Amino acid sequence: MKEINVSELKDNMFDAISKEWMLVTAGTQEKFNMMTASWGGLGVLFGKPVAFCFVSPLRYTWQLLDKGDTYTLSFYTEAYRDALQICGTTSGSDTDKVRETGLT
């Protein structure tokens with residue numbers, strides 16, 4: 001996976017977040033979860049680039065977000081749609097999503 005500086009983004013991020021699904025990953029190397037989301041945004045706050053997302057407290061990922069200091073927002077091509085579907089419809093509290101999806 002390639003890390004991209006926010007200033008290099010050329011995609012329509014409105015479509016990337018709302019239509020293409022972003023993957024939210026939170027937790028530690030030992031215990032983490034990933035879920036799809038279509039709620040969030042990118043912008044500039046006090047001169048710094050920011051990203052934000054909204055996660056319901058009912059979601060397993062929220063528990064991990066609440067305990068941690070960082071999280072990752074990732075965007076994948078259409079080729080990953082099946083894996084993203086699994087991430088958005090199963091709970092990481094009882095499913096090994098890495099094994100189920102093949103995402104590493």
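**Burial, ring pairs and overall form in a predicted chain**

Author: Among contacts in the chain between residues at least 6 apart in sequence, 52% join residues at least 24 apart. The model is predicted, and its chain has four helices and five strands, which follow one another from the N terminus in the order α-β-β-β-β-α-β-α-α.

Reader: How do you know whether the radius of gyration of the chain agrees with that of a compact globule?

Author: For 104 residues a compact globule would have a radius of gyration near 13 Å, and since the chain has 14 Å, the two agree. Along the principal axes, the C-alpha atoms fill a box of roughly 40 × 30 × 25 Å, and 27% of the 104 residues count as buried.

Reader: What makes Leu64 count as buried?

Author: Its relative accessible area is 7%, and the cut-off for buried is under 20%, so Leu64 falls within that class. Leu64 is found in helix H2, which covers residues 60–67, and, leaving aside residues up to four places away in sequence, Leu64 touches Ala26, Gly27, Lys31, Phe32 and Asn33. Leu64 and Met34 are 30 residues apart in sequence, while their C-alpha atoms are 9.9 Å apart in space.

Reader: How many aromatic pairs does the count come to?

Author: The count comes to two aromatic pairs.

Reader: Why is the pair of Phe52 and Phe54 called edge-to-face?

Author: The ring centres of Phe52 and Phe54 are 5.7 Å apart, and their planes stand at 75°; because pairing asks for centres within 6.5 Å and edge-to-face for an angle over 60 degrees, both conditions are met. Phe52 is partly exposed at 39% relative accessible area, whereas Phe54, at 51%, counts as exposed, because the cut-off for exposed is over 50%.

Reader: And why is the pair of Tyr76 and Tyr80 called tilted?

Author: Tyr76 and Tyr80 have centres 5.0 Å apart and planes at 55°, an angle that is neither under 30 nor over 60 degrees, and therefore the pair is tilted. Tyr76 has a relative accessibility of 17% and counts as buried, while Tyr80 is partly exposed, because its 37% lies between the cut-offs of 20% and 50%.

Reader: What area does the chain expose, and how far apart do the centres of its positive and negative side chains lie?

Author: The chain exposes about 7500 Å², of which carbon and sulfur atoms supply 53%. There are 10 positive and 13 negative side chains, and the centres of these two sets lie 3 Å apart.

Notes: Residues numbered from 1 in each chain as written. Predicted model: local features only at pLDDT ≥ 70, side-chain atom pairs only at ≥ 80, totals over all residues. Heavy atoms only, no water. Phe/Tyr/Trp six-rings, centres within 6.5 Å; stacked < 30°, edge-to-face > 60°. Buried < 20%, exposed > 50% of the residue type's maximum accessible area, 1.4 Å probe, protein only. Helix = DSSP H or I, 4+ residues; strand = E, 2+ residues; numbered from the N terminus. Contact = heavy atoms within 4.5 Å. Rg over C-alpha atoms; globule rule 2.2 N^0.38 Å. Areas by Shrake-Rupley, 256 points an atom, 1.4 Å probe, with all protein chains shown as cover. Lys, Arg positive; Asp, Glu negative; His and termini not counted. Charge placed at Lys NZ, Arg CZ, Asp CG, Glu CD.
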